[in-house]
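Visitor: I'm new to reading protein models and would like a close look at one part of this one. Could you pick out the sheet and the helix beside it, and walk me through how that part sits in the whole chain?

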Amino acid sequence: MTSLFDPGPSEVGVTDAGGGDPGPLPVEVVRSARRVKTVSARIVDGVIRVRIPAWMSPADEERWVRDIVARIERSRRCGRIDLARRAAELADRYDLPRPDAITWSERQRLRWGSCTPATGEIRISTRLAGVPGWVLDHVIVHELAHLVEPDHSPAFHRLVARYPLTERAIGYLQALTDQPVLGAEPPAA
Ligand SMILES: [Zn+2]
């Protein structure tokens, strides 16, 4: 059913310039009289306005609205986190390389983060925008360590262990993974 989803830029990349955490926005659902085929949403006057095709069943409406609102709220939370600055500070603190680029990824469905050592690029799952900062930092350190050691070797684990909350963060993410609503998620890769 993903073909219903029009992944246009108007739906994602919503950043909150207001600062602070004002909490979730109210949601308004509009059944479009026009022959729209896709579900779309944007923020209008502080309200997430979701447009759905008129023919959509209530069950589909519930699922699609929930998904797109969750996506927008993830995006708003991501916009409040300066990932590049955070990664640079962690790299300096734990004597690891700074990444050439670090970005949020909505497509990281199976991993918390990923790293391409050849290009120095790190991607962090947008699902982590809602976890405590010390858990996010663990995933960033994990990926920074991959810039030095691509494999999960003993040398890699020694680098990761420089972050003192590693074990606690792994436990936190494992508990998150075990929640049925999120499905099976392997740990940071
Ligand atoms: Zn890994």
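**A sheet and its helix**

Guide: Let's start with the whole chain: of its 189 residues, 40% are buried. Keep in mind that this is a predicted model. The chain has five helices and six strands, and reading from the N terminus the elements go β-β-β-α-α-β-β-β-α-α-α. If you take the contacts in the chain with a separation of 6 or more, 54% of them are between residues 24 or more positions apart.

Now for the sheet. Three strands make it up, it is open, and their order is β1-β3-β2, with mixed pairing. β1 and β2 (40-44) are at the edges with a single partner strand each, so each has one side without a neighbour in the sheet. Going from one strand to the next, the twist averages 25 degrees. In general, strands of a sheet pair through backbone hydrogen bonds, and they can do that parallel or antiparallel. Here β2 and β3 (residues 47-53) run antiparallel, joined by five bridges. For one such link, find S40: its bridge partner in β3 is R51.

Next comes the helix. α1 (residues 58-79) packs on this sheet and touches β1, β2 and β3, while its direction makes about 145 degrees with that of β3. You can check its length yourself: at 1.5 Å a residue, the 22 residues of α1 should span 32 Å, and the end C-alpha atoms are 31 Å apart, which agrees.

Which residues of α1 are buried? They are W64, V65, I68, V69, R71, I72, E73, R74, S75, R76 and C78. These buried residues pack against β1, β2, β3 and also β4 (101-105). A handy bit of background is that an α-helix has 3.6 residues a turn, so residues three or four places apart point the same way.

Zoom in on R74, which belongs to α1. R74 has a relative accessible area of 13%, and because buried means under 20%, R74 counts as buried. The side chain of R74 also has a polar partner: it makes a polar contact with the side chain of T126, at 3.4 Å.

Back on the sheet, try V27, which is in strand β1 (residues 27-32). The relative accessibility of V27 is 39%, so V27 is partly exposed. Leaving out residues up to four places away in sequence, V27 touches V47, I48, V50, V65 and V69. You've already met V65 and V69 among the buried residues of α1. Another pair to look at is V27 and A41: they are 14 residues apart in sequence, and their C-alpha atoms are 9.7 Å apart in space.

Finally, let's see what is packed inside. As a rule, nonpolar side chains in soluble globular proteins tend to be buried together. In this chain the largest nonpolar core has 27 residues, and I124, L128, I140 and L144 have the most contacts inside it. At least two residues each come from α2 (83-93), β6 (121-125), α3 (133-146), α4 (154-160) and α5 (166-177), and α3 gives the most, with seven. Apart from that core lies another, of 12 residues, among them V39, I52, I68 and I72. Two of those names, I68 and I72, are buried residues of α1, the helix that packs on our sheet.

Conventions. Residues numbered from 1 in each chain as written. Predicted model: local features only at pLDDT ≥ 70, side-chain atom pairs only at ≥ 80, totals over all residues. Heavy atoms only, no water. Helix = DSSP H or I, 4+ residues; strand = E, 2+ residues; numbered from the N terminus. Buried < 20%, exposed > 50% of the residue type's maximum accessible area, 1.4 Å probe, protein only. Contact = heavy atoms within 4.5 Å. Core = buried A, V, L, I, M, F, W, Y, C linked by side-chain atoms within 4.5 Å. Pairing = 2+ DSSP bridges. Axes fitted to C-alpha atoms, helices over the stretch in contact; angles between N-to-C directions. Expected span 1.5 Å × (residues − 1). Polar contact = N/O pair within 3.5 Å; in protein donor to acceptor, adjacent residues only side chain to side chain.
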